[in-house]
Amino acid sequence: YTLETTTPHQLEEGVQFIAAIEQAIDVLPDKVLLLGAFELVTLPVKLALQAESQRWKAASALQLHTRAKQELEHKLNRTFELRKKMGRRIESLADLRSMVDV
């Protein structure tokens, strides 16, 4: 998903999806016995899947933090602009009109 078009509900679903994947990985056995003498070792696959889920979480967190930072910067800039307009002297009707258009 792209973070710009993602709703908070979709973000929550994405986090729950990653958590469910991690739980499924955790229950995988380290090795599975097959046909007596043959043994399938699944530990390397399990470790690789755990590492990949960690990368997913890190990438999602980075995107989320980037989005939150951009939104906060936008709000701070808007606040500074409003304070600047509100601090002006009103000497004419045009000044008052610009103040009301805040």
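**Helix α2, far end.** I began with E81 and R78, which both lie in helix α2 of this predicted model, 3 residues apart, or about one turn of the helix. I looked up their side chains and found that they meet in a salt bridge, at 3.8 Å from N to O. I then checked how far each residue is covered: E81 is partly exposed, with a relative accessible area of 45%, and R78 counts as partly exposed too, at 35% relative accessibility.

I also looked at L82, which lies in helix α2 and counts as partly exposed at 25% relative accessibility, because the buried class ends under 20% and the exposed class begins over 50%. From L82 I followed the chain to M99, which is 17 residues away in sequence, and I noted a C-alpha to C-alpha distance of 9.1 Å between L82 and M99.

**Length of α2.** I wanted to know how the span of α2 compares with what its residue count would predict. The helix has 44 residues and, at 1.5 Å a residue, should span 64 Å; its end C-alpha atoms are 64 Å apart, so expectation and model agree.

**Buried side of α2.** Which residues of α2 did I find buried? I listed K46, S53 and S60 as buried in this helix, and I noted that the buried residues of α2 pack against α1, which runs over 8-26.

**K46 and D30.** I counted 6 salt bridges in the structure, and one of them joins the side chains of D30 and K46, with an N to O distance of 3.4 Å. Because D30 lies in the loop between α1 and β1 (31-34) while K46 is in helix α2, this pair ties together parts that are 16 residues apart in sequence. I compared the cover of the two partners: K46 is buried, with a relative accessible area of 11%, whereas D30 counts as partly exposed at 39%.

**T42, just before α2.** I turned next to T42, which is found in the loop between β2 (38-41) and α2 (43-86). Is T42 buried or exposed? At 18% relative accessibility it counts as buried, since the cut-off for that class is under 20%. Leaving aside residues up to four places away in sequence, I found that T42 touches P29, D30, K31 and V32, so that D30, which I had already met as the salt-bridge partner of K46, appears again among the contacts of T42. For P29 I also noted the atoms involved: its backbone oxygen lies 2.4 Å from a polar atom of the side chain of T42.

**After α2.** I went on to the loop between α2 and α3 (93-100), where I90 lies. I90 is partly exposed, with a relative accessible area of 46%, and together with L93, L96 and V100 it makes a nonpolar surface patch of about 390 Å². I looked as well at E91 and R89, which form a salt bridge whose closest N and O atoms are 3.4 Å apart. Both E91 and R89 are exposed, whereas in the D30 and K46 pair I had found K46 buried.

Key: Residues numbered from 1 in each chain as written. Predicted model: local features only at pLDDT ≥ 70, side-chain atom pairs only at ≥ 80, totals over all residues. Heavy atoms only, no water. Helix = DSSP H or I, 4+ residues; strand = E, 2+ residues; numbered from the N terminus. Buried < 20%, exposed > 50% of the residue type's maximum accessible area, 1.4 Å probe, protein only. Polar contact = N/O pair within 3.5 Å; in protein donor to acceptor, adjacent residues only side chain to side chain. Contact = heavy atoms within 4.5 Å. Patch = residues over 30% accessible without salt bridge, like charges linked within 9 Å, V, L, I, M, F, W, Y side chains within 5 Å. Areas by Shrake-Rupley, 256 points an atom, 1.4 Å probe, with all protein chains shown as cover. Salt bridge = Lys/Arg side-chain N within 4 Å of Asp/Glu carboxyl O. Expected span 1.5 Å × (residues − 1).
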